[in-house]
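Work through the exercises below with the sequence and the model side by side. Try each task before reading its solution.

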Amino acid sequence: MLIDEAYIEFVRTADDDAVVDALTLLREDPRVLVLRTFSKAYGLAGLRVGYALARPRIAKGLRAASTPFGVNALAQVAAVASLNSEAELFERVEELTAERERLVDALRAAGWDIPEAQGNFVWFPVGDRAGLLAAAFARAGILVRPFAGDGVRVTVGDREANDAVIAVARSFRTAQ
Ligand SMILES: Cc1ncc(COP(=O)(O)O)c(C=O)c1O
């Protein structure tokens with residue numbers, strides 16, 4: 001079983017039991033493989049660095065199948081430095097999750113049916129209008145990720161950027 005914890009740092013819920021405890025599962029079941037990345041909360045996406053947690057047998061298999069020197073020296077230094085300043089990092093994550101809640105509340109108040117967000121993005125389930133909504137964001141200088149026929153994923157930004165997202169989303173709804 002593979003558990004992708006790319007967004008684990010952003011998970012904030014009143015019900016902690018609802019969050020999968022991957023490390024406990026890993027201790028209980030030798031088939032579990034947990035993946036973590038420095039691309040999201042740590043902001044190192046460009047350096048392509050992450051890690052896996054697994055029993056030695058699975059780790060050995062991963063190494064045998066992966067490309068040699070997959071993580072370069074600079075990425076390793078940056079990852080270790082990030083781990084050493086986690087307190088600062090978690091302050092930023094706190095700010096982001098607070099902004100995420102504000103963004104979701106404002107969008108819902110504007111009539112959008114936004115699902116609960118536990119990552120660093122919000123999801124607009126607009127189906128066939130994904131391209132249209134993405135184009136509206138683009139006209140306001142906001143780059144988002146449309147999934148044709150499904151919806152649009154918008155990364156949570158700073159307060160100003162989120163206010164711009166709210167403004168576009170409000171006028172898009174009014175125009176529909
Ligand atoms: C669910 C999920 N897992 C993993 C990743 C990718 O992480 P990485 O940049 O380490 O390949 C992403 C990035 O978008 C993601 O959304």
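The exercises go from the whole chain to its sheets, its domains and its ligand.

The model is predicted: local features need pLDDT of at least 70, side-chain atom pairs count only at pLDDT 80 or more, and totals for chains, interfaces and linings use all residues. Residues are numbered from 1 along each chain as its sequence is written.

**Exercise 1. The whole chain**

Task: List the elements of the chain in order from the N terminus.

Solution. Start with the counts: the chain has six helices and six strands. Helices (H or I, at least four residues) and strands (E, at least two) are DSSP runs, numbered from the N terminus. The order is β-α-β-β-α-α-α-β-α-β-β-α. Next, take the dimensions. The C-alpha trace spans about 55 × 35 × 35 Å along its principal axes. Finally, check burial. Of the 176 residues, 16% are buried. Buried means that 20 or more other C-beta atoms lie within 10 Å of the residue's own, with C-beta atoms placed from the backbone.

**Exercise 2. The mixed sheet**

Task: Find the strand order of the sheet with mixed pairing, and name its edge strands.

Solution. This open sheet of three strands has the order E1-E2-E3. Two strands pair if DSSP finds at least two bridges between them. The edges are E1 (2-4) and E3 (50-53), each pairing on one side only. From one strand to the next, the twist averages 20°. For such angles, axes are lines fitted to C-alpha atoms, for helices over the stretch in contact, and angles run from 0 to 180 degrees between N-to-C directions. Now look at one pair. E2 (residues 33-37) and E3 are antiparallel, with four bridges. Threonine 37 stands opposite glycine 50 in E3.

**Exercise 3. The antiparallel sheet**

Task: Explain why one side of E4 and one side of E5 are left without a neighbour in the sheet.

Solution. Read the order: E4-E6-E5, an open sheet of three strands with antiparallel pairing. E4 (121-124) and E5 (145-147) are at the edges and have a single partner strand each, so one side of each lacks a neighbour in the sheet. Neighbouring strands are turned by 20° against each other on average, direction ignored.

Then take the pairs in turn. E4 and E6 (residues 151-155) share four bridges, and tryptophan 123 stands opposite arginine 153 in E6. E5 and E6 share three bridges, and proline 146 stands opposite valine 152 in E6. The hairpin of E5 and E6 has three residues between the strands, and glycine 149 there takes a positive phi near 75°.

Last, follow the side chains along E6. Val152 and Val154 point to one face and are buried. Gly151, Arg153 and Thr155 point to the other face and are not buried.

**Exercise 4. The two domains**

Task: Give the domain bounds, then describe the contact between the domains.

Solution. Domain 1 is 2-84 and domain 2 is 87-175; such bounds come from an automatic or database domain assignment. Their centres, taken over C-alpha atoms, are 26 Å apart. Nine residues of domain 1 are in contact with seven of domain 2. Contact means C-beta atoms, placed from the backbone, within 7 Å. The touching side of domain 1 has five nonpolar, one polar and three charged residues. Ala, Val, Leu, Ile, Met, Phe, Trp, Tyr, Cys and Pro count as nonpolar, Asp, Glu, Lys and Arg as charged, and the others, Gly among them, as polar.

**Exercise 5. The ligand**

Task: Which residues surround the ligand?

Solution. They are Asp4, Ala6, Thr37, Ser39, Ala45 and Gly50. The cut-off is a C-beta atom, placed from the backbone, within 6 Å of the molecule. Sort the shell by class: two nonpolar, three polar and one charged.

Technical notes
A residue is buried if 20 or more other C-beta atoms lie within 10 Å of its own, exposed if 12 or fewer, and partly exposed in between; C-beta atoms are placed from the backbone.
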